[in-house]
Amino acid sequence: MSGTVFRQDTESERFVLRDEEGALLSAVDYRVNGPVIALTHVFTPPALRGRGWAAEAMRHTVDHIAQQGDLRVRPSCWYAARWFERHPERASLLVDASAAH
């Protein structure tokens, strides 16, 4: 999906996906506790649901976390957990990689 901007807002502990005009498409809230980043909530505005924005936000989020190299993921919300179930190739990032299978 083109025309999107992804960034981390460290003050709000949120990764955000916006369109070119700056409108929120989806967000992934998180909390860091030592070497673990808990993905606590994935949100897409109701009018935009069903278009793949949450999946794109998760993909960017997981790519960003993987680039850090020193964090492990705990998917604490149902959407994040389901995303990892659908992407077993990313299970090595999980705190408990066996939980994805």
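Here is a quick tour of this structure, from its strands to its main helix and its largest pocket. Keep in mind that the model is predicted. Strands β1 and β2 run antiparallel, and so do β2 and β3. Helix α1 has 16 residues, and its buried residues pack against several strands and against helix α2. The largest pocket holds about 270 Å³ of space.

**Strands and their turns**

- Let's start with β1, which covers residues 4–9, and β2, which covers residues 14–19: six bridges join the two.
- One pairing to look for is Asp9, whose bridge partner in β2 is Arg14.
- The hairpin of β1 and β2 leaves four residues between the strands.
- Moving on, β2 is also joined to β3, residues 24–33, by five bridges.
- Across that second pairing, Leu17 stands opposite Ser26 in β3.
- The hairpin of β2 and β3 has four residues between its strands too, and here Gly22 takes a positive phi near 100 degrees.

**Two neighbours in sequence: Glu13 and Arg14**

- Glu13 sits in the loop between β1 and β2.
- Its backbone is worth a look: Glu13 has a positive phi of about 50 degrees, even though it isn't a glycine.
- With a relative accessible area of 25%, Glu13 counts as partly exposed.
- Arg14, on the other hand, has its place in strand β2.
- Arg14 is partly exposed as well, because its relative accessible area is 26%, and partly exposed covers the range between under 20% (buried) and over 50% (exposed).
- Leaving out residues up to four places away in sequence, Arg14 touches Arg7, Gln8, Asp9, Ala27, Val28, Asp29 and Tyr30.
- Thr40 is 26 residues from Arg14 along the chain, and 9.7 Å separates their C-alpha atoms.

**Helix α1**

- From its first C-alpha to its last, α1 reaches 23 Å, close to the 22 Å expected at 1.5 Å a residue.
- The buried residues in α1 are Trp53, Ala54, Glu56, Ala57, Met58, Thr61, Val62 and Ile65.
- What do they pack against? The buried residues of α1 pack against β1, β2, β3, β4, β5 (72–75) and α2.
- Thr61 makes a handy example from this helix: its relative accessibility is 0%, so Thr61 counts as buried.
- Not counting residues up to four places away in sequence, Thr61 touches Phe6, Phe15, Val28 and Leu39.
- Just after the helix comes Gly69, which takes a positive phi of about 80 degrees.

**The largest pocket**

- About 270 Å³ of space lies in the largest pocket.
- There are 15 lining residues, and the ones closest to the pocket's centre are Val42, Thr44, Arg49, Ala54 and Tyr79.
- Three elements give two or more residues to the lining: β4 (36–43), α1 (53–68) and α2 (78–86).
- Sorted by class, the lining has nine nonpolar, four polar and two charged residues.
- Ala54 links two topics here, since this residue is among the buried ones in α1 and also among those closest to the pocket's centre.

How values were computed:
Residues numbered from 1 in each chain as written. Predicted model: local features only at pLDDT ≥ 70, side-chain atom pairs only at ≥ 80, totals over all residues. Heavy atoms only, no water. Pairing = 2+ DSSP bridges. 1 Å grid on protein atoms, 1.4 Å probe; cavity = no way out; pocket = protein on both sides within 12 Å on 5 of 7 lines; lining within 4 Å. Points joined across faces, edges and corners; volume = space filled by probe spheres on them. Nonpolar A, V, L, I, M, F, W, Y, C, P; charged D, E, K, R; others polar. Expected span 1.5 Å × (residues − 1). Buried < 20%, exposed > 50% of the residue type's maximum accessible area, 1.4 Å probe, protein only. Contact = heavy atoms within 4.5 Å.
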